[in-house]
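User: I would like to learn how to read the features of a protein model, one at a time. Could you take me through them, giving the general idea and then the case at hand?

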Amino acid sequence: MEHQLDWALAACGRILRPVVRLALAMGVKHPHLEVLLRDLLLEEATRSWRKQGVAKPNISQLSVTTGLNRKAVTSKVRAPVDALPHTEISAAAKTFTLWLQMVSENQAYQRLPITADAEDTPSFETVARLGSRGNVHHRAILDELVRLNMAAEQNGCAELKVDGFVPVDDLQAMLAFLGDNGRDHLLAAVSNTLGEQPRMLERAVYARGLGLQDCENIHQLVRERWSALHHELAGEMTRAVDRAPSGAKGRIRVGIYTYYEDDAAPLAPVVAPKREEKTP
């Protein structure tokens with residue numbers, strides 16, 4: 001299609017604008033992003049060739065696919081180290097989700113003894129053991145939740161303080177959630193755009209020309225509805241994990257978002273550079 005490249009670049013510009021905003025706020029410079037983009041191009045090109053049955057694409061194949069010269073391709077000698085934790089394996093997040101699920105069914109569980117003498121008495125130790133599958137000591141998990149200001153400890157009891165696992169006091173954890181949530185949201189949209197199967201749920205509803213207070217009211221409505229859906233999904237996912245066969249590798253992330261702003265002075269759109277037309 002004649003304008004496919006221009007359309008794709010325009011979509012990438014919209015997607016990358018908040019990424020660039022984050023990068024600038026965190027002190028990331030052009031050379032850092034250039035290296036990152038090169039490495040991602042090569043990783044995704046390699047993945048694409050492997051999907052076509054090429055186990056180990058050669059330098060020429062990667063160069064043609066990415067537009068990088070052969071020297072740039074060969075300069076990538078090893079995969080970059082990911083400095084962020086993976087949110088789906090966080091013992092604190094899993095324990096928090098299970099605890100929140102219990103509270104939704106019985107408010108009395110918002111405050112639990114850290115340990116209990118009787119096995120049939122609910123305790124934070126029991127919740128942490130179930131949430132982490134026994135892989136992390138309950139004391140370490142509680143210390144992490146207290147550090148994140150999501151739980152409080154007093155007189156031998158642990159108390160849940162918030163209704164969502166949002167580690168605002170931990171920049172590394174917040175960046176990890178931003179990366180994982182943003183990645184999977186975009187993967188769903190990209191998968192649908194490329195016509196891959198199955199089709200993923202990726203929907204949004206939007207409006208323009210309303211007051212900021214009405215925006216906030218709608219925001220709170222979404223929060224309330226999400227809270228109920230969150231508990232239902234967490235329960236179903238827990239049961240699905242429990243009945244999964246040994247060695248199952250499937251993963252799923254379900255999310256929701258709301259964003260609003262005063263759009264009185266919208267940013268100018270990213271204009272893709274015009275391509276030079278070659279004449280025969």
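User: How many helices and how many strands are there in the chain?

Analyst: Before counting, keep in mind that this is a predicted model. The chain has nine helices and three strands, and read from the N terminus the elements follow the order α-α-α-α-α-β-α-α-β-β-α-α. The C-alpha atoms fill a box of roughly 85 × 50 × 40 Å along the principal axes, and of the 280 residues, 21% count as buried.

User: Which strands are joined by bridges to β3, and how do they run?

Analyst: Strand β1 (residues 111-113) is joined to β3 (residues 157-160) by three bridges, and the two run antiparallel. Strand β2 (residues 151-154) is likewise antiparallel to β3, with four bridges between them. A single residue can show both pairings: Glu 159 in β3 is the bridge partner of Arg 111, and Ala 152 also stands opposite Glu 159. The connection of β2 to β3 is a hairpin with two residues between the strands, where Asn 155 in the turn has a positive phi of about 55°.

User: Which residues are buried in α2, and where do they lie around the axis of the helix?

Analyst: The general idea is that an α-helix has 3.6 residues a turn, so residues three or four places apart point the same way. Helix α2 (residues 30-51) has 22 residues and reaches 31 Å from its first C-alpha to its last, close to the 32 Å expected at 1.5 Å a residue. Its buried residues include Asp 39, Leu 42, Ala 45, Thr 46 and Trp 49. Seen down the axis, the buried residues of α2 fall within an arc of 125°, so they line one face of the helix. On the other side of α2, His 30, Leu 37 and Lys 51 are exposed.

User: How should I read a salt bridge, and which side chains does Glu 125 meet in one?

Analyst: It helps to ask both how close the charged atoms come and which parts of the chain they connect. The structure holds 18 salt bridges, one of which joins the side chains of Glu 125 and Arg 129 at 3.7 Å, N to O. Being four residues apart in helix α6 (residues 124-131), these two are separated by about one helical turn. Glu 125 is partly exposed at 24% relative accessibility, and Arg 129 is partly exposed at 45%.

User: What does the salt bridge of Glu 153 with Arg 139 tie together?

Analyst: The closest N and O atoms of Glu 153 and Arg 139 are 2.5 Å apart. Glu 153 lies in strand β2 and Arg 139 in helix α7 (residues 138-147), so the pair ties together parts that are 14 residues apart in sequence.

User: Where in the chain are Arg 253 and Asp 180?

Analyst: The side chains of Arg 253 and Asp 180 meet in a salt bridge at 3.8 Å, N to O. This pair links distant parts of the chain, 73 residues apart, with Arg 253 in the segment after α9 (212-243) and Asp 180 in helix α8. Asp 180 counts as buried at 6% relative accessibility, whereas Arg 253 is partly exposed at 27%. Both belong to a network of salt bridges that also links Arg 183, Asp 184 and Arg 251.

User: Which helices supply at least two residues each of the nonpolar patch?

Analyst: For such a patch, one reads its members, its area and its origin in turn. Eight side chains need not be listed in full: among them are Ile 15, Val 19, Leu 186 and Leu 194, and the surface patch has about 690 Å² of accessible area together. Helices α1 (4-25) and α8 (171-193) each supply at least two of its residues, and the largest share, five residues, comes from α1. Leu 24, a patch member, is found in helix α1 and is exposed, with a relative accessible area of 61%.

Definitions and conventions
Residues are numbered from 1 along each chain as its sequence is written. This is a predicted model: local features need pLDDT of at least 70, side-chain atom pairs count only at pLDDT 80 or more; totals for chains, interfaces and linings use all residues. Side-chain values use heavy atoms; hydrogens and water are left out. Patches are made of residues with over 30% relative accessible area and no salt bridge: like charges are joined within 9 Å, nonpolar side chains (Val, Leu, Ile, Met, Phe, Trp, Tyr) within 5 Å. Accessible areas come from the Shrake-Rupley method with a 1.4 Å probe; for residues, only the protein chains shown count as cover. A salt bridge is a side-chain nitrogen of Lys or Arg within 4 Å of a carboxyl oxygen of Asp or Glu. Buried means under 20% relative accessible area, exposed over 50%, partly exposed in between (1.4 Å probe, protein chains only). Two strands pair if DSSP finds at least two bridges between them. The expected span of a helix is 1.5 Å times one less than its number of residues. The arc is that of the directions from the helix axis to the C-beta atoms.
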